[in-house]
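Notebook open, model loaded on the screen. I'm jotting down what I look up as I go.

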Amino acid sequence: MKKNTFLKSCLAATFLTLASTSVLASNGLIAIITPSHDNPFFKAGAEGADAKAKELGYDTLVASHDGDVNKQNQLIETAIARQAKAVILDNADADASIGSLERLKKAGIPAFLYDREINKTGIAVTQIVSNNFQGAQLAGEKFAELMGDGGEYVELVGPESDTNAQVRSEGFHDILDNFPEFKMVARQSANWSQTEAFSRMESILQANPNIKGVITGNDSMALGAEAALQAAGRKDVFIVGFDGLDYVRDSILKGSNIKATVMQPAYAQAQRVAEQADQYIRTGSTGLPEKQLMDCVLIDSSNAKYLSNFALKK
């Protein structure tokens, strides 16, 4: 009865896509707010944080802001109203999220961020992100290997305002710009979207039929680009992505256009942030700096079979 009452209250007050709680937990509530769980990466992060928080004895409230800052703000207000012990957040925008996180801090509720940073320090207790620059360098090195003696290539990037999109592009070019025989003939944003990547790739391919490779800021865009290349009958163009989606693993193993990706340890990252939230709640400190990095891992034909749900399982 208590569980049903709790769920009805949450659903009425917010746009929650998923909520769960345990009447047996006794350490209080942790709100876990992420982008849409339609994306396997974000779903894996939410599942990792949820599982660890419950293991540590907390009730959880798991919700998606769907990339909408206003919806995120409403969910944070709900966390304040519910007197949450902590908020774990994969935020909707590096700048627009700052105001609501400042309100959260003023309410005495610590915030623990993962996957995406905000453009201000001293508001969140923890900001854990993948080492995007290191991961992008790995992708760039593999891409350079596949380019061989040179040729034309394309880059698809995330939203220009997104910090991760910027850092990954910088990492790619830290490697690729050392090869004068590589010529980038197009660089466009597909906003992390598979659908947009498909349409961008169709247009780019018509204007640049001689491209040899495509490097993308995430795997959703890699899959969109691959679909466009396959529709055009272009098995000769290779793709290197970024994220470590299981769908991309399958493409690599099938010998399709996608030859490599870079795995972000989403599940482990979210579990780590939940552990730090617990320590902070219990002791008042994580004992660690606010900003922390987790290294990425190159995935290609040599190890793709071990990839599952953003972890290498041997």
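How much space lies in the largest pocket? I looked that up before anything else, keeping in mind that this is a predicted model. The answer is about 340 Å³. I then pulled up the lining, which has 19 residues, and asked for those closest to the pocket centre: they are Asn91, Ala92, Arg116, Asp162 and Trp192. By character, I get six nonpolar, seven polar and six charged residues in that lining.

**Entry: the sheet with E2 at one edge**

I traced an open sheet of six strands, and its order reads E2-E1-E3-E4-E5-E11. The pairing is parallel. Which strands stand at the edges? I found E2 and E11 (291–294) there; each has a single partner strand, so one side of each is left without a neighbour in the sheet. Between neighbouring strands I noted an average turn of 15°, with direction ignored.

Inside this sheet I zoomed in on one pair. E3 (residues 86–89) and E4 (residues 111–114) run parallel and share three bridges. For a landmark I marked Val87, which stands opposite Ala111 in E4.

**Entry: the second sheet**

I followed another open sheet, also of six strands, in the order E7-E6-E8-E9-E10-E12. Here the pairing is mixed. Its edge strands are E7 (182–189) and E12 (297–299), each pairing on one side only. The average turn between neighbouring strands of this sheet came out at 15°, direction ignored.

Next I checked who pairs with E6 (residues 151–157). Seven bridges join E6 to E7, in parallel, and five bridges join E6 to E8, also in the parallel sense. Glu152 is a handy marker for both contacts: its bridge partner in E7 is Lys183, and its bridge partner in E8 is Ile211.

**Entry: E8 up close**

Is E8 (residues 211–216) mostly covered or mostly open? I found it mostly covered, with five of its six residues buried. A reminder to myself: in a regular strand the side chains alternate between the two faces of the sheet.

On to the partner E9 (residues 238–240): E8 pairs with E9 in the parallel sense over three bridges. Val214 stands opposite Ile239 in E9. What links the two strands? I see helix H8 (residues 219–231), and E8, H8 and E9 make a right-handed β-α-β unit.

**Entry: two spot checks**

Is Thr60 buried or exposed? I located Thr60 in E2 (residues 59–64). Thr60 counts as buried because its relative accessible area is 0%, and the cut-off for buried is under 20%. I also took a distance: Thr60 and Met294 are 234 residues apart along the chain, and their C-alpha atoms are separated by 25 Å.

Is Ser301 buried or exposed? I found Ser301 in the loop between E12 and E13 (307–308). With a relative accessible area of 61%, Ser301 is exposed; the cut-off for exposed is over 50%. For distance, I paired Ser301 with Leu75: they sit 226 residues apart in sequence and 41 Å apart in space, C-alpha to C-alpha.

Note on methods
Residues are numbered from 1 along each chain as its sequence is written. This is a predicted model: local features need pLDDT of at least 70, side-chain atom pairs count only at pLDDT 80 or more; totals for chains, interfaces and linings use all residues. Side-chain values use heavy atoms; hydrogens and water are left out. On a 1 Å grid over the protein atoms alone, a cavity is a set of points where a 1.4 Å probe fits but cannot get out, and a pocket is an open set with protein on both sides within 12 Å along at least five of seven lines; lining residues have an atom within 4 Å of a point. Grid points are joined across faces, edges and corners, and a volume is the space filled by probe spheres set on the points. Ala, Val, Leu, Ile, Met, Phe, Trp, Tyr, Cys and Pro count as nonpolar, Asp, Glu, Lys and Arg as charged, and the others, Gly among them, as polar. Buried means under 20% relative accessible area, exposed over 50%, partly exposed in between (1.4 Å probe, protein chains only). Helices (H or I, at least four residues) and strands (E, at least two) are DSSP runs, numbered from the N terminus. Two strands pair if DSSP finds at least two bridges between them. A crossover is right-handed if, with the strands pointing away from the viewer, the path from the first strand over the helix to the second runs clockwise. Axes are lines fitted to C-alpha atoms, for helices over the stretch in contact, and angles run from 0 to 180 degrees between N-to-C directions.
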